[in-house]
Amino acid sequence: MMKFLPLLTFLSHTFFVVSFPIHATRKIQTVRSASVDINASNDGHDESTADRRSFLSSAVAAAAAILTGSMQEPQPAHAEEGLIDVYFGCGCFWHVQHELVEAERSMLGRSDEQLTSRAGYAGGKAPDGKVCYHNALNVADYGKLGHAEVVKLQIPPSKFADFALEYAKLFKDGLRPDQYGDRGPEYRNLVGLPGGTKSELAQQLVKASVANGDQLDFAVGKGDDADKPKVVFIMDSDVFPFHVAEQYHQFHDGFNFGEDYPPKYNGLGGKFAKAGEDFGSCPNGMLGVGIGGI
């Protein structure tokens with residue numbers, strides 16, 4: 001589907017390119033074993049009896065643990081690791097969302113119901129907390145508020161490097177797939193991290209780019225930044241939070257002709273909405289149709 005966009009005029013923005021050390025500092029944690037004195041209190045029994053009973057109790061407990069464990073479904077290695085919110089922007093969010101959904105499936109083993117990738121807006125301001133796509137009523141227009149199209153997802157911090165590499169692979173010779181189609185600040189490249197460039201994840205982002213041919217430069221995102229080819233702005237997501245896009249933008253077909261995804265994928269937005277997810281209350285596109293931004 002083609003998106004109908006108003007003509008954009010953008011001014012030159014001053015930005016600061018930053019560099020990060022490529023080497024990573026490895027943290028080593030020492031695990032200490034706790035010793036237990038089984039003879040501290042025998043209640044009048046000799047040591048051999050206490051030892052035998054301790055051994056039998058341990059054996060029964062171990063057997064029960066094995067049996068119980070075998071009855072439980074296997075959990076991924078990161079199941080107990082906390083999740084963080086990050087967002088990635090690289091031109092039109094339709095294609096980016098699909099690529100990140102596939103990454104969630106392959107890297108995290110998530111089912112459709114567990115997918116967290118959502119299309120939306122970030123990198124600008126939201127005076128009343130509302131951000132919308134271009135609309136005929138001119139309500140909270142994301143472009144006029146300085147936002148860009150992004151996709152947010154929740155991932156374990158230990159997997160960020162893998163997702164950063166997938167993001168880097170979206171570029172060819174440092175240019176995004178729609179570099180000469182969708183242009184302007186609304187389509188600039190940006191990545192949102194808690195803490196921005198102060199986060200240790202920023203270093204992993206740079207390393208991922210280097211691993212993919214070192215095609216990108218990175219700059220500190222100041223908000224409402226310019227669309228600079230081969231430059232990715234690193235945003236502090238605590239300062240520039242994500243705003244979810246309208247339901248009709250979720251799980252949409254790609255921006256290129258023929259980039260049509262399966263109906264099951266296209267229907268995920270409606271499925272999540274039916275389950276109670278809130279995709280906001282913005283006007284329904286330029287003409288109220290709610291398809292392809294119209």
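Buried, in this report, means under 20% relative accessible area, exposed means over 50%, and partly exposed is anything in between, using a 1.4 Å probe and protein chains only. By that yardstick tyrosine 142 is buried, because its relative accessibility is 0%.

Two notes before the tour. This is a predicted model, where local features need pLDDT of at least 70 and side-chain atom pairs count only at pLDDT 80 or more, while totals for chains, interfaces and linings use all residues. Residues are numbered from 1 along each chain as its sequence is written, and side-chain values use heavy atoms, with hydrogens and water left out.

## Aromatic pairs

Rings of Phe, Tyr and Trp (its six-membered ring) are paired here if their centres lie within 6.5 Å; planes under 30 degrees apart count as stacked, over 60 as edge-to-face and the rest as tilted. The whole structure holds 9 aromatic pairs. One of them brings together tyrosine 133 and tyrosine 142, with ring centres 5.6 Å apart and planes at 20°, so this pair is stacked. Tyrosine 133 has a relative accessible area of 0% and is therefore buried.

The rings of tyrosine 167 and phenylalanine 171 are arranged another way: their centres are 5.3 Å apart and their planes stand at 80°, so the pair is edge-to-face. Both tyrosine 167 and phenylalanine 171 are buried. These two residues also belong to a cluster, in which ring pairs link Phe88, Phe160, Tyr167 and Phe171.

## Helix 2 against helix 3

Helices (H or I, at least four residues) and strands (E, at least two) are DSSP runs, numbered from the N terminus. For packing, axes are lines fitted to C-alpha atoms, for helices over the stretch in contact, and angles run from 0 to 180 degrees between N-to-C directions. Helix 2 (residues 93-108) packs on helix 3 (residues 160-168) at an angle of about 145°, and their axes lie 11 Å apart. The crossing is right-handed; that is the clockwise case, whereas a left-handed crossing has the near helix turned anticlockwise from the far one by less than a right angle.

Which residues of helix 2 and helix 3 make the contact? Helix 2 supplies Leu100, Ala103, Glu104, Met107 and Leu108, and helix 3 supplies Asp162, Phe163 and Glu166. Contact here means heavy atoms within 4.5 Å. Sorted by class, the contact has 5 nonpolar, no polar and 3 charged residues. In that sorting, Ala, Val, Leu, Ile, Met, Phe, Trp, Tyr, Cys and Pro count as nonpolar, Asp, Glu, Lys and Arg as charged, and the others, Gly among them, as polar.

Is glutamate 104 buried or exposed? With 0% relative accessibility, glutamate 104 counts as buried. Leaving aside neighbours within four places in sequence, its contacts include Arg110, Gln114, Thr116, Leu153 and Phe163. Leucine 153 is 49 residues away from glutamate 104 in sequence, and their C-alpha atoms are 8.9 Å apart.

## Around histidine 95 and glutamate 259

Histidine 95 also lies in helix 2. At 15% relative accessibility, histidine 95 counts as buried. Beyond its neighbours within four places in sequence, histidine 95 is in contact with Leu170, Phe255, Glu259 and Tyr261.

Glutamate 259 sits in the loop between strand 7 (243-244) and helix 5 (263-266). Its relative accessibility is 14%, so glutamate 259 counts as buried. Outside four places in sequence, glutamate 259 is in contact with His95, Asp253 and Gly254. The side chains of glutamate 259 and tyrosine 261 are joined by a polar contact of 2.7 Å (a pair of N or O atoms within 3.5 Å; within protein, one must be able to donate a hydrogen and the other to accept it, and residues adjacent in sequence count only if both atoms are side-chain atoms).

## Partly exposed loop residues

Three loop residues are set side by side here.

| Residue | Loop between | Relative accessibility |
|---|---|---|
| Asparagine 138 | strand 2 (118-122) and strand 3 (148-155) | 46%, partly exposed |
| Glycine 195 | strand 4 (189-193) and helix 4 (200-211) | 24%, partly exposed |
| Aspartate 224 | strand 5 (217-220) and strand 6 (231-236) | 36%, partly exposed |

Asparagine 138 has a positive phi near 60° and is not a glycine. Aspartate 224, another residue other than glycine, has a positive phi of about 55°.

Glycine 195 is in contact with Asp236 and Asp238, leaving aside neighbours within four places in sequence. The C-alpha atoms of glycine 195 and aspartate 236 are separated by 4.9 Å, although the two are 41 residues apart along the chain.
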